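Q: Please take a close look at one part of this structure, the sheet and its surroundings, for a reader who has not met it before. A connected account would be most helpful.

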Amino acid sequence: MGFVQKMKNVSRCVLCFPILLCVLYFTSPSLRILVGLLPMDRCPLESGRMLTLDNSVDASLNLRSRHDVQTCTYWKAPIIWEGMFDHDLYDQMHKKEGSSVALTVFAVGRYLDAYLHTFLTSSEQHFMLGLPVTYYVFTNMPEMVPDIKLGPQRSLKVIKVERHSRWQDISMMRMKTISSVIESDIRHHCTHVFCFDVDQVFTGRFGSEALGDSVALLHAYYYRLPKRLYTYDHNPNSKAYMETGDFYYHAAVFGGSWKSVKALTEACYQSIMEDKRNNVEALWHDESHLNKYLWLHKPSRVLSPEYCWDNSISYKSDIQVSRLVWAPKQYDKLRTN
């Protein structure tokens with residue numbers, strides 16, 4: 001019996017070790033610098049023509065232009081980094097094909113006043129310039145949405161939503177709301193959808209090279225970490241449960257064709273509701289469910305952390321362009337329980 005108890009204690013230590021390393025990583029700047037030295041996997045493909053093409057222009061991607069980062073996945077989807085693409089080719093193709101983009105963003109409670117104006121004005125400077133864009137702002141206070149001067153072919157729709165008492169529920173229930181609005185409105189007007197957290201600022205081109213059938217984003221804090229340190233949900237009682245995966249994706253940015261985003265948001269919402277019925281809540285809420293979905297349904301396009309970067313990260317030699325950055329967080333003031 002003593003031996004069994006000792007083995008249980010050892011098992012607990014083994015399971016806790018990755019969690020301890022993650023805590024140290026997030027709290028120790030010196031450790032984060034060392035993480036930046038860890039090598040990434042390399043793309044084995046010789047050229048973009050060997051990719052499973054999301055569109056015809058992807059064949060022109062220069063997968064060998066970046067020797068410091070991974071430029072494709074093992075299922076032959078591109079990982080988009082600065083230096084790999086000619087943005088004019090993508091812009092010309094999407095204009096010719098009549099691509100149009102719906103941008104969804106939730107600004108509920110204090111988040112509206114703290115972040116929405118900067119998010120929208122910076123988007124007007126950098127997001128999908130030259131393409132028709134419709135902003136879908138979901139908020140519990142429509143009258144407080146700022147009046148933003150929009151460029152040609154750009155419009156804004158404000159949709160009132162309920163304010164939940166817990167920020168976790170706001171985060172998770174957005175999946176249902178996005179799915180419903182895609183069905184009732186977006187699919188009739190836009191070819192693609194991108195979903196964003198509001199506490200971010202566009203700082204560089206976030207253009208048509210990011211458009212694809214199913215688009216996921218590498219999380220800035222995890223893309224160089226070993227997979228065993230990814231914070232997937234390890235609770236087998238949750239629908240988000242994962243033992244392992246491909247990458248750790250950030251729920252602050254995801255997108256794709258309206259059909260693909262509708263399928264993703266519907267599936268995540270159903271998983272979230274099944275967890276609720278079983279009195280379970282995934283570790284990172286909708287992000288845990290999103291990671292599970294994207295593991296089972298591989299994205300056709302992966303965006304590098306350039307497309308959502310945190311300037312507080314110490315290592316950044318591989319980030320040649322910051323296209324979207326995290327705004328300063330004020331969770332103690334903005335999040336209510």
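A: In this predicted model, strand E3 (residues 133–139) runs parallel to E4, and 7 bridges join the two. Within this pairing, Phe138 stands opposite Ile159 in E4.

These strands belong to an open sheet of 8 strands with mixed pairing, whose order is E1-E9-E7-E8-E5-E2-E3-E4. Strand E1 (79–80) and strand E4 (154–160) form its edges, each pairing on one side only. In general, the strands of a sheet pair through backbone hydrogen bonds, in either the parallel or the antiparallel sense.

Strand E5 deserves particular attention. On one side, strand E2 (residues 101–106) runs parallel to E5 and is joined to it by 5 bridges; here Thr104 has Cys195 of E5 as its bridge partner. Strand E8 (residues 253–257) also pairs with E5, in the antiparallel sense and over 5 bridges. In that pairing, Phe196 stands opposite Val253 of E8.

Strand E5 (residues 192–196) is largely enclosed by the rest of the structure, because 5 of its 5 residues are buried. As a general rule, side chains in a regular strand alternate between the two faces of the sheet. In E5 both faces are covered: His192, Phe194 and Phe196 are buried on one side, and Val193 and Cys195 are buried on the other.

Two residues of this strand reappear in the largest nonpolar core, which has 95 residues: Phe194 and Phe196 are listed with Phe127, Met128 and Phe206 as those with the most contacts inside it. The largest share of this core, 6 residues, comes from helix H4 (residues 110–126). Leaving out residues up to four places away in sequence, Phe127 touches Phe194 and Phe196, and also Val101, Leu103, Val133, Arg154, Phe202 and Phe206.

Phe196 also leads to a charged residue, Arg174, which lies in helix H5 (residues 167–184). Is Arg174 buried or exposed? Its relative accessible area is 5%, and as buried means under 20%, Arg174 counts as buried. Apart from neighbours within four places in sequence, Arg174 is in contact with Phe106, Phe196, Asp197, Ala251, Phe254 and Asp286. For Ala251 there is a further detail: its backbone oxygen lies 2.8 Å from a polar atom of the Arg174 side chain.

How values were computed. Residues numbered from 1 in each chain as written. Predicted model: local features only at pLDDT ≥ 70, side-chain atom pairs only at ≥ 80, totals over all residues. Heavy atoms only, no water. Helix = DSSP H or I, 4+ residues; strand = E, 2+ residues; numbered from the N terminus. Buried < 20%, exposed > 50% of the residue type's maximum accessible area, 1.4 Å probe, protein only. Polar contact = N/O pair within 3.5 Å; in protein donor to acceptor, adjacent residues only side chain to side chain. Contact = heavy atoms within 4.5 Å. Pairing = 2+ DSSP bridges. Core = buried A, V, L, I, M, F, W, Y, C linked by side-chain atoms within 4.5 Å.
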